[in-house]
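Open the model in your viewer and keep the selection tool at hand. The stops below go from the whole assembly to its contact, then to one chain and one helix.

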Protein chains: 2
Amino acid sequence: MNTIEVCFTPALYQHILTEPPFSVAVVDILRATTSICSAFQNQVKEIIPVATTEEAMEYKTQGSLIAAERNGIKLDFADFGNSPDNFMTEQVRGRSIVYSTTNGTQTIKMVNNGSPVVIASFINLSAAAYFLASQNQNAVILCAGWKQKFNLEDSLFAGALTQKLLDLGMEMNCDAAQAALDLWNSARENPIAYIQKAMHRERLKKLNLDSILEYCFTPDQTDVVPVFDGFRILNKTNHE
Amino acid sequence: MNTIEVCFTPALYQHILTEPPFSVAVVDILRATTSICSAFQNQVKEIIPVATTEEAMEYKTQGSLIAAERNGIKLDFADFGNSPDNFMTEQVRGRSIVYSTTNGTQTIKMVNNGSPVVIASFINLSAAAYFLASQNQNAVILCAGWKQKFNLEDSLFAGALTQKLLDLGMEMNCDAAQAALDLWNSARENPIAYIQKAMHRERLKKLNLDSILEYCFTPDQTDVVPVFDGFRILNKTNHE
């Protein structure tokens, strides 16, 4: 049976149990992976994640559309920041976007083992789960966290995705998956209320989440399957 | 108000938010910190944690009593292994024990910032909490985990200790403390049943836990406060 491992922060990725080959789901609910799914829902052509501000600025001089933030704040030279509502417009249709964020895009960039890396969020939860299960190999759910630390929203999603993968016949191979699942089970009746427990903390205050919170925690709003190939992210939705 | 931060594995310790000075509680429920508390309950004189097998062997040649295991198995040259029942005998009274384990003692050794480091477990839960609160500074709960990974039993205890510290007027400063608390609240009615969910996994099968599980998860069996001073662990129980 294929296994599910949850990695709560990028700092723990080097210590995972699962041996290659495996598939990866990268998770940054607030907000990179939600925003990427939103962009593909709005028919962006491709997204190129870059780790540093310098790389993003270089693409800017080449005429690309740039989405970039640090610590929740849009960078001056960028066309827009990291909020999903920036990606929900006609402006993105058919375009290439270069994207750089505090946690999310750096986490996507660090995973490059030749296996599929799917961009996962509540808005494409079932689509991401079906994609992972259809790879017929072990899966690692990698939470972007916050500056290498555990965060609630990504861990909660890891639990929701674990539940979907269990339903699709996979099994957990680590305590972190069990803990994520238990957190999800205690929060699933009202995930927004649950996440609001974390919202008085400084990092989330800065994000101006009021307008997008419901969007970010509502499952299955789209069937996009954004997959990172080591350079760019493309939509691999299977409409057969 | 003094804060509580939870660090789920030693690999995350370098990323903590809390700035010095702070107190630390080191947690390795199965089994190092439970065993250390048990030894002090049985009036051991001192415990000297060492990180490597080589150091432990060197102390052996000097005539010390040695407790040492790797991956749950007692090492050949050691007088005993890592199970709390080894430390519950007359044999330890008044003695010095040199102690080396897979996760626990190495985690104790890595914390050396000049502030108090208390050895915490369910069996001395309240005593450890009172000690931390009485330091009147921020506290970090450092879980030994399993080979740098998250584990359920240490995280569950982190939640129980967080609850005690909240009751004593401290406040959480991170999502990991919130998650640990939520796990504890979902498990507190029957922590042993909860932890048995993890017990079919390989790492716990090796530990032969049947005889000690209830002991390891029963709160407040002793008021010992083992404190590490950078070299040795001594009991700082205040009997005023």
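Start with both chains. A turn of 180° and a shift of 0.0 Å along the axis lay chain A on chain B with an RMSD of 0.0 Å, the superposition being by least squares on the C-alpha atoms of residues with pLDDT of at least 70 in both. The two copies are therefore related as by a two-fold rotation axis. Both use the same surface, since 100% of the contact residues of chain A recur in chain B.

This is a predicted model, in which local features need pLDDT of at least 70, side-chain atom pairs count only at pLDDT 80 or more, and totals for chains, interfaces and linings use all residues. To find your way, note that residues are numbered from 1 along each chain as its sequence is written, while chains are lettered from A and ligands numbered from 1 in the order in which they are written.

Next, select the contact between the chains. Chain A gives 22 residues and chain B gives 22 residues; two residues are in contact if their C-beta atoms, placed from the backbone, lie within 7 Å. On the side of chain A that touches chain B, the elements giving two or more residues are α5 and α6 (175-187) of chain A. The largest share, seven residues, comes from α6(A). By type, that side of chain A has ten nonpolar, seven polar and five charged residues (Ala, Val, Leu, Ile, Met, Phe, Trp, Tyr, Cys and Pro count as nonpolar, Asp, Glu, Lys and Arg as charged, and the others, Gly among them, as polar).

Now hide chain B and colour chain A by secondary structure. Chain A has nine helices and eleven strands, which are DSSP runs numbered from the N terminus (helices: H or I, at least four residues; strands: E, at least two). Its C-alpha atoms fill a box of roughly 50 × 40 × 35 Å along the principal axes. Of the 240 residues in chain A, 52% are buried, that is, 20 or more other C-beta atoms, placed from the backbone, lie within 10 Å of the residue's own.

Finally, select residues 152-167 of chain A. This is helix α5, with 16 residues and 23 Å from its first C-alpha to its last. Is α5(A) enclosed or open? Twelve of its 16 residues are buried, so α5(A) is largely enclosed by the rest of the structure. Click through the buried ones, including L152(A), F157(A) and L165(A). Just after α5(A), stop at G169(A), which takes a positive phi of about 95°.

Note on methods: The expected span of a helix is 1.5 Å times one less than its number of residues.
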